[in-house]
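Biologist: I am new to this structure and would be grateful for a close look at a single loop, followed by an account of what surrounds it. Please begin with the place of the loop and work outward.

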Amino acid sequence: MAERERSHTRPLGGVFVAHSQVLTAADVTRALTRMAHEVVERNGGIEDVVLVGLQTGGVPLATKMAEVLRQIEPETDLQTGSLDVAFYRDDIGLRPVLPEAVTDIPVDLAGRVVVLVDDVLFTGRTIRAALNALNDFGRASAVQLAVMVDRGHRELPIRPDYVGKNLPTRREEMVDVGEDGVWIGTLEDR
Amino acid sequence: MSAPRHLLSVADLGRDGIAEVLRVAEAFAEVERRSVPKVPTLRGKVVATLFFEESTRTRLSFETAAKRLSADVLSLAVASSSVKKGESLRDTVETVEAMGIDAVIIRHSSAGAPHQVARWVERARVVNAGDGWHEHPTQALLDCFTVRQVLAERKGASPEELGIDCFEGLRVLIVGDVRHSRVARSEVLAYRALGAQVTLAAPGSLLPPSLDGWPVEVAADFDEALGDADVVSLLRLQAERGSGSYVPSLREYTAGWGLTARRVSRLREHAMVTHPGPMVRGVEIASDVADLPRTVVTQQVANGVAVRMAILFLLLGGELPGAAGVPAVA
């Protein structure tokens, strides 16, 4: 059983105990490549696209997807950024909420198509917060959502545009997207 | 270890707590660089500033910080409040709390007043914005934040990349009216917690009566100490606390302990000068020196907002990390 510290789920803490592998690292790469092609197809190129990874799980995925997009459309100068939604969450005061990293949106989003990239789509609250946060950087002409895993259990009317894998889960389970692929497991007390 | 509910002293934080405050402040510094520097984080929270002593920058800085977090801000102008009618501090605080205020930012001329207030409040968070000669924790935190920012800029790195280890072995020289300075006390705690060396330089009459237990050295020769320092932290001669009578004359003080153009030439090339403000040009710092690039007073003021946003956010929305082993007060 693989065990690793979930340092990036600071408010929860604990140790992630993996139960089974859902996608291998190669599967993740293939899914990212397909999603990148879908982004190009849907937007007729990536001229207006700004790729924004959500801290922290979405950032490495956005970086990899940007590499693929640059290979598909080498002529276009793709803009990328990262976003931390801690200051926009709706559970501030209910549990400790801390920013993981500094937000970096290098361009005015007015008139651009923002593709948000995250690892796991669960309740939809992170994406709700991200939509609010994006508003502060200009009025994007459209916002699209790319996630590696859609695990269900939505609490808000939010749906992804690009999905790596639809993965039915139980609420108390945990999905971990890392360097070594996607694992399903549970979070145990330290 | 429970998280401190209040920020009364730098000692409540410890090394890890300070590191966390600086980390979160970095995220708020980004918010400040936006065209609309405001986030909805503390919407619905009420922050009150209770300043029983005059202040320009600290009060403005706290109020700006709270407003950028979308909190509502009430400021009690003591001069026009019931305090003038003889209301006690306790009654004032109870009134404020009865109104459902979430955080009280207090400055008071008596050391320990914020600690006392923290004992009285039931749910509000208390932030010490300066109590007598005792402490001014947010000033020390923003000084550390500024020092790291300058070090990072010079290295061409981001402050996060530099981490907290950049303070290890840093030589800080605190100059001037240490006796009456709450900034000096908080700075000593903060810089020492981060592993810096702290040296004091002041006329004997302006050093605290006892330095027992202070992890500092006292400079034998001011001019020599200047040549060793990485950071020179100047303090204001606090005339309102009577420090005028501790020195023969202002001119003599300047001659002996002021940072004059001649003394600046002794500084190492990279040494920076901090001052908590308000500066008295011509006394503790020569006017020309105050305008040198190495004098980072303007950055300090600018960073004050981000650091105070971090404190308010950590107390009201996140979790203020405490020093290991130091019990949270109240």
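Modeller: Thr56(A) sits in the loop that leads from S3 to H2 in chain A, where helices (H or I, at least four residues) and strands (E, at least two) are DSSP runs numbered from the N terminus. This is a predicted model, in which local features need pLDDT of at least 70, side-chain atom pairs count only at pLDDT 80 or more, and totals for chains, interfaces and linings use all residues. Residues are numbered from 1 along each chain as its sequence is written, while chains are lettered from A and ligands numbered from 1 in the order in which they are written.

The peptide bond between Gln55(A) and Thr56(A) is cis, with omega at about -5 degrees. On one side of the loop, strand S3 belongs to an open sheet of five strands in chain A, ordered S4-S3-S5-S6-S7 and paired in parallel (two strands pair if DSSP finds at least two bridges between them). Strand S4 (79-83) and strand S7 (162-166) of chain A each have a single partner strand, so at these edges one side of each is without a neighbour in the sheet. From one strand to the next, the twist averages 25 degrees; such angles run from 0 to 180 degrees between N-to-C directions, and axes are lines fitted to C-alpha atoms, for helices over the stretch in contact.

On the other side of the loop, helix H2 (residues 58-72) of chain A lies across S3 (49-54), S4, S5 and S6 of chain A, and its direction is about 150 degrees from that of S3(A). Helix H3 (residues 125-135) of chain A also packs on this sheet, where it touches S3, S4, S5 and S6 of chain A and makes about 155 degrees with S5(A). Contact here requires the C-beta atoms of two residues, placed from the backbone, to lie within 7 Å.

Within the sheet, eight bridges join S5 (residues 113-121) and S6 (residues 142-150) of chain A in the parallel sense. Val120(A) has Val149(A) in S6(A) as its bridge partner. The loop between S6 and S7 of chain A holds His153(A), a residue other than glycine whose phi is positive, at about 65 degrees.

Beyond chain A, 13 of its residues are in contact with 13 residues of chain B. Chain B has an open sheet of four strands with parallel pairing, in the order S2-S1-S3-S4. Its edge strands, S2 (72-77) and S4 (125-131) of chain B, pair on one side only, and the twist from strand to strand averages 15 degrees. S1 (residues 46-51) and S3 (residues 103-108) of chain B are joined in the parallel sense over five bridges, with Thr49(B) partnered by Ile105(B) in S3(B). Helix H12 (residues 297-316) of chain B packs on that sheet through S1, S3 and S4 of chain B, at about 150 degrees to S4(B).

Chain B also has a cis peptide bond, from Gly277(B) to Pro278(B), with omega near -10 degrees. Pro278(B) lies in the loop between strand S9 (272-274) and helix H11 (287-290) of chain B.

As for confidence, the average pLDDT of chain B is 91, and 95% of the residues score at least 70; pLDDT is the predictor's confidence in each residue, from 0 to 100. Over residues 324-330 of chain B, pLDDT stays under 50. The model scores ipTM 0.82 and pTM 0.89.
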